Amino acid sequence: PFKDVPRKEWYYDAVKYVHHNWLMTGLNQTTFGPSESLARAQFATILYRMNDEPQIDYKALFSDVNSGMWYTNPILWAANEGVVTGYANGNFGPADQITREQMAVMMYRYAQSKGYDTEYKADFSYYQDAVYVSGFAQDAMRWAVGNGIITGTSNGTRLNPQGYANRAECATIIMRFCEAYDMVE
């Protein structure tokens, strides 16, 4: 239903998949916003939806996640599952734009929390910017690259680990994850 997702675009099938499976909604009824950035709270919400949105009792785990916000249950659920840990300062950063390496880490931890096989990891040193993958994201990025969940940008030459993921990239990563673990409908 999105006017800004033409059939010819590389992300068309991914957006169709996440929309059909109610994992991502549009910015409104007719706009998906494929090039728009994605916040950390939005990504936690996608993972929460993949688990049928279980009820969560509020606990003050992060100083910037208050009770009753649209993202409270998804973030607390993700923290309870070990998918997110937040920042060293005690914040989660719900409105912070998510980086590609943060997305890889959350997906990796999510796969582990579900008991999926996360043993296979690839060498990604052939990417021009591989040295910029943070220490906390090394295993997750090896797993994501090795399983085809994250691929390179710039004609496959860069991982862009510190780059912000947009909504089209997120939809694609979610679809690839679901395909890798046979969750595709």
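**Exercise 1. Which residues do ring pairs link into a cluster?**

Before we start: this is a predicted model, in which local features need pLDDT of at least 70, side-chain atom pairs count only at pLDDT 80 or more, and totals for chains, interfaces and linings use all residues. Residues are numbered from 1 along each chain as its sequence is written, and side-chain values use heavy atoms, with hydrogens and water left out.

*Solution.*
- Step 1: get the rule. Rings of Phe, Tyr and Trp (its six-membered ring) pair if their centres lie within 6.5 Å; planes under 30 degrees apart are stacked, over 60 edge-to-face, and the rest tilted.
- Step 2: search the whole structure, and you get 13 aromatic pairs.
- Step 3: try one pair, Y116 and F177. Their centres are 6.1 Å apart with 45° between the planes, so the label is "tilted".
- Step 4: place this pair on the chain. Y116 is in the loop between α4 and α5 (138–146), while F177 is in helix α6 (residues 167–180), 61 residues away. Helices here are DSSP runs (H or I, at least four residues), numbered from the N terminus.
- Step 5: follow the links. The cluster holds Y48, W77, Y108, Y110, Y116, W143, F177 and Y181.

**Exercise 2. Work out whether Y116 and F177 are buried or exposed, and what F177 touches.**

*Solution.*
- Step 1: the cut-offs. Buried means under 20% relative accessible area, exposed over 50%, and partly exposed in between (1.4 Å probe, protein chains only).
- Step 2: Y116 has 24%, so Y116 is partly exposed. F177 has 0%, so F177 is buried.
- Step 3: look for contacts, meaning heavy atoms within 4.5 Å. Skipping neighbours within four places in sequence, F177 meets M50, M107, Y110, A111, Y116, W143, I149 and M183.
- Step 4: zoom out to the nonpolar core (buried Ala, Val, Leu, Ile, Met, Phe, Trp, Tyr and Cys residues joined through side-chain atoms within 4.5 Å). The largest one has 64 residues, and F177 is among those with the most contacts inside it, together with F43, I46, L47, M50, W143 and I174. Helices α1 (12–20), α2, α3, α4, α5 and α6 each give this core at least two residues.

**Exercise 3. Explain why helix α3 is largely enclosed by the rest of the structure.**

*Solution.*
- Step 1: α3 spans residues 72–80, and 7 of its 9 residues are buried, so the rest of the structure largely encloses this helix.
- Step 2: name the buried ones: T72, P74, I75, L76, W77, A78 and A79.
- Step 3: find the cover, which includes α2 (40–49) and α4 (100–113).
- Step 4: check T72. Its relative accessibility is 3%, so T72 counts as buried. Its side chain reaches the backbone nitrogen of M69 at 3.0 Å. Leaving out residues up to four places away in sequence, T72 touches Y58, V65, N66 and S67.
- Step 5: step just past the helix, where G82 has a positive phi of about 80°.

**Exercise 4. Find how many disulfides there are, and check C170 and C178.**

*Solution.*
- Step 1: a disulfide is a covalent bond between the sulfur atoms of two cysteines. The test is a pair of cysteine sulfur atoms within 2.5 Å.
- Step 2: the count is 0. The cysteine sulfur nearest to that of C170 is in C178, 11 Å away, and that is too far for a bond.
- Step 3: C170 is buried at 0% relative accessible area, and C178 is buried at 2%.

Note on methods: Polar contact = N/O pair within 3.5 Å; in protein donor to acceptor, adjacent residues only side chain to side chain.
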